[in-house]
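The following exercises concern a model that is predicted. Each task is followed by a solution in steps.

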Amino acid sequence: MSKILVIAEHQCGQLNASTARTVSAARAVQPEAVEVLVLSDAPDAVAADAAKLEGVSRVLTVARAENAHPLAAILAPQIAKAAAGYSHVFLPSTTFGKDVAPRAAALLGVAQVSELMGVESAHTFTRPMYAGNAIVTVEADPAQTVVATVRTASWPAAGQAAGSAPVEALALEATLPTHTRFVELRQARSDRPDLQSARKVVSGGRGVGSKENFDIIYKLADKLGAAVGASRAAVDAGYCPNEMQVGQTGKIIAPELYMAIGISGAIQHLTGIKDAGTIVAINKDAEAPIFEVADLGLVGDLFKIIPELEQALG
Amino acid sequence: MKILVGYKRVVDYNVRIQVKPDGSGVVTDGVKLSANPFDDIALEEALRLHESGVADEVVIAGIGPANLGAHLRNGLGMGADRAIHVVSEEAVQPLTAARVFLKLIEKEQPGLVILGKQAIDDDSGQTGQMLAALWDRPQATFASKLEIADGKAKVTREVDAGLEVIEVDLPAVVTTDLRLNEPRFIKLTGIMKAKSKPLETMELASLGVESGDHLKNTHYAPPPKRSKGVMVKDAAELVAALKQKGLL
Ligand SMILES: Cc1cc2nc3c(=O)[nH]c(=O)nc-3n(C[C@H](O)[C@H](O)[C@H](O)COP(=O)(O)OP(=O)(O)OC[C@H]3O[C@@H](n4cnc5c(N)ncnc54)[C@H](O)[C@@H]3O)c2cc1C
């Protein structure tokens, strides 16, 4: 029987939404137990949230000052130690999980499955390759611990359980390196919904033309209560910060509504939105590849259409 | 300081990937192959560190079949000083690649290793982190800025929340993100010079590396197709359609 350890992702004392999605993937393996490990300097609040996730049978915490920031070199040795007794170790395929999981897998001497999107059996999974242009069935060695990152856009968030799973402190003997030090996290504070979990996303591309012009994307998003995304070209050109990039090398998202405005629809961008419910494309070029995947397409100048849209929205 | 750069060859990013009808893989015959874009960025960064005097030698290494030499010559043409070709007819998985690189590190003793954050064929994104673990050295993944001074690297990393800055002691493994730099084009003079630069080949089997290819890729399928949508004629029609879908 399988027993799965999910590594919680958290920030500022809050459980990240990616963890609940990772728990869903773990439950799809139909294991005997899904347990969550919280590595933090102050794990209590995060652990309490994780304990309320449906399907979680136990939450383990390791409180160490070194865990104040998610540094892979610090976390991986603890995860490798904690993995004993588990058949699977799952992390979300966010920059957190992508950074940590391979390091933990290598310490365990095992392969790692990236971007797990489907579960066929306890050791058979599907995952994307080639920017999502091939879906590969992967068989892991049943004799080894399966370390995987979970493609969060492929999984719903686990619901809230009626009660709370027990929370226990875990004693780990792990010597931690001092060669890696956190300096700072620079983030643009925003009251807008989080791009990775938002139900609606409005994205702008190179067609928006400038940082100043990008305001019309923010305004439309605010009107819709949507998160804001961008193409790589828009980020590279400095119209908006890097954390807004959607695509193969940015965020992979699955909102109910995705609006691509002034975005051509390059394969690397489309990889990030394949699981969106409804895709709307606004582009002045009727031949733009984005229209091949759009559920609703509108050809025209975005600077004319967006004000009209806002008006029609009332 | 010597810099070791991973230089993988992959299907060019512009190619529309076709899955073989029998599901045994993707079509690679006659398909354009190029340097992994993240590896060009890794090489560019190493070359800049060389030009600014931080590094004194840039060595590129690739794992691949006998004909990988031409690809490595391109890297030499871009400006690398030396190339190492680890010959393997079969593609290797990240854990094996990391073990191979560890062998090269033991031999070359670099002060910095730069790899791409992912290769755009298998999109695994693991080798750098695995290598850092096996080497027991720091890792700085998804780098968009790299500053080196006093035996340390200050690295700005593109993370989901924004930009994270960390400091690591050298030697370390850095993996590149797209915004670290814009790789230069290979000049004709570079190609001419590359012909006389050293390119060492060694058989993978000769390195005594235990295979970490524990995953079996048993079947390839094309992704589910999204059905073609409809065109609307103006903003009002778009709003009406969204309302009808219950999205507004
Ligand atoms: C290794 C690699 C990884 C990559 N990863 C990503 C990724 O994660 N995410 C990503 O997005 N890209 C990624 N890319 C880049 C990708 O290939 C494209 O270059 C990029 O997505 C293009 O962005 P864009 O659509 O905004 O710009 P363009 O392709 O330049 O398109 C701009 C569009 O705007 C339209 N337009 C212009 N003016 C107007 C107007 N006034 N009104 C309406 N429409 C207008 C144009 O018709 C055009 O279709 C990656 C590339 C590589 C090589």
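**Exercise 1.** In which loop of chain B is the place of B:Pro171? Describe also the peptide bond that precedes B:Pro171.

*Solution.* Step 1: B:Pro171 is located in the loop of chain B between β9 (162–169) and β10 (172–176). Step 2: the peptide bond running from B:Leu170 to B:Pro171 is cis, its omega being near 0 degrees. Step 3: for context, most peptide bonds are trans.

**Exercise 2.** Locate A:Cys12 and state the sign of its phi.

*Solution.* Step 1: in chain A, the loop between β2 (10–11) and β3 (14–15) contains A:Cys12. Step 2: the phi of A:Cys12 is positive, at about 50 degrees, although the residue is not a glycine. Step 3: most residues other than glycine have a negative phi.

**Exercise 3.** Describe the secondary structure and overall dimensions of chain A.

*Solution.* Step 1: chain A contains 9 helices and 18 strands. Step 2: its radius of gyration is 21 Å, and the globule rule gives 20 Å for 314 residues; the two values are close, so chain A is as compact as a globular protein of that length. Step 3: along the principal axes, the C-alpha atoms of chain A fill a box of roughly 60 × 40 × 40 Å.

**Exercise 4.** Characterise the extent and composition of the interface between chain A and chain B.

*Solution.* Step 1: chain A contributes 84 residues to the contact, and chain B contributes 75 residues. Step 2: about 6,800 Å² is buried between the two chains, with carbon and sulfur atoms giving 55% of this area. Step 3: 43 residue pairs are in polar contact across the interface. Step 4: on the side of chain A that touches chain B, helix α4 (residues 95–108) gives the most, with 8 residues. Step 5: sorted by class, that side has 41 nonpolar, 23 polar and 20 charged residues.

**Exercise 5.** How many salt bridges are found across the interface of chain A and chain B? Give examples.

*Solution.* Step 1: the interface has 5 salt bridges, while the count over all chains is 32. Step 2: one of the pairs between chains joins A:Asp99 to B:Arg157, with the closest N and O atoms 3.4 Å apart. Step 3: this pair links helix α4 of chain A, which holds A:Asp99, to strand β8 (residues 152–159) of chain B, which holds B:Arg157. Step 4: another salt bridge is formed by the side chains of A:Arg181 and B:Glu167, at 2.8 Å from N to O.

**Exercise 6.** In which sense do strand β18 of chain A and strand β13 of chain B pair?

*Solution.* Step 1: strand β18 (residues 296–299) of chain A and strand β13 (residues 230–231) of chain B pair in the parallel sense, over 2 bridges. Step 2: A:Leu296 has B:Val230 in β13(B) as its bridge partner.

How values were computed. Residues are numbered from 1 along each chain as its sequence is written. Chains are lettered from A and ligands numbered from 1 in the order in which they are written. This is a predicted model: local features need pLDDT of at least 70, side-chain atom pairs count only at pLDDT 80 or more; totals for chains, interfaces and linings use all residues. Side-chain values use heavy atoms; hydrogens and water are left out. Contact means heavy atoms within 4.5 Å. Buried area is the accessible area (1.4 Å probe) that two parts lose on being put together, summed over both. A salt bridge is a side-chain nitrogen of Lys or Arg within 4 Å of a carboxyl oxygen of Asp or Glu. A polar contact is a pair of N or O atoms within 3.5 Å; within protein, one must be able to donate a hydrogen and the other to accept it, and residues adjacent in sequence count only if both atoms are side-chain atoms. Helices (H or I, at least four residues) and strands (E, at least two) are DSSP runs, numbered from the N terminus. Ala, Val, Leu, Ile, Met, Phe, Trp, Tyr, Cys and Pro count as nonpolar, Asp, Glu, Lys and Arg as charged, and the others, Gly among them, as polar. Two strands pair if DSSP finds at least two bridges between them. The radius of gyration is taken over C-alpha atoms; the globule rule is 2.2 Å times the number of residues to the power 0.38.
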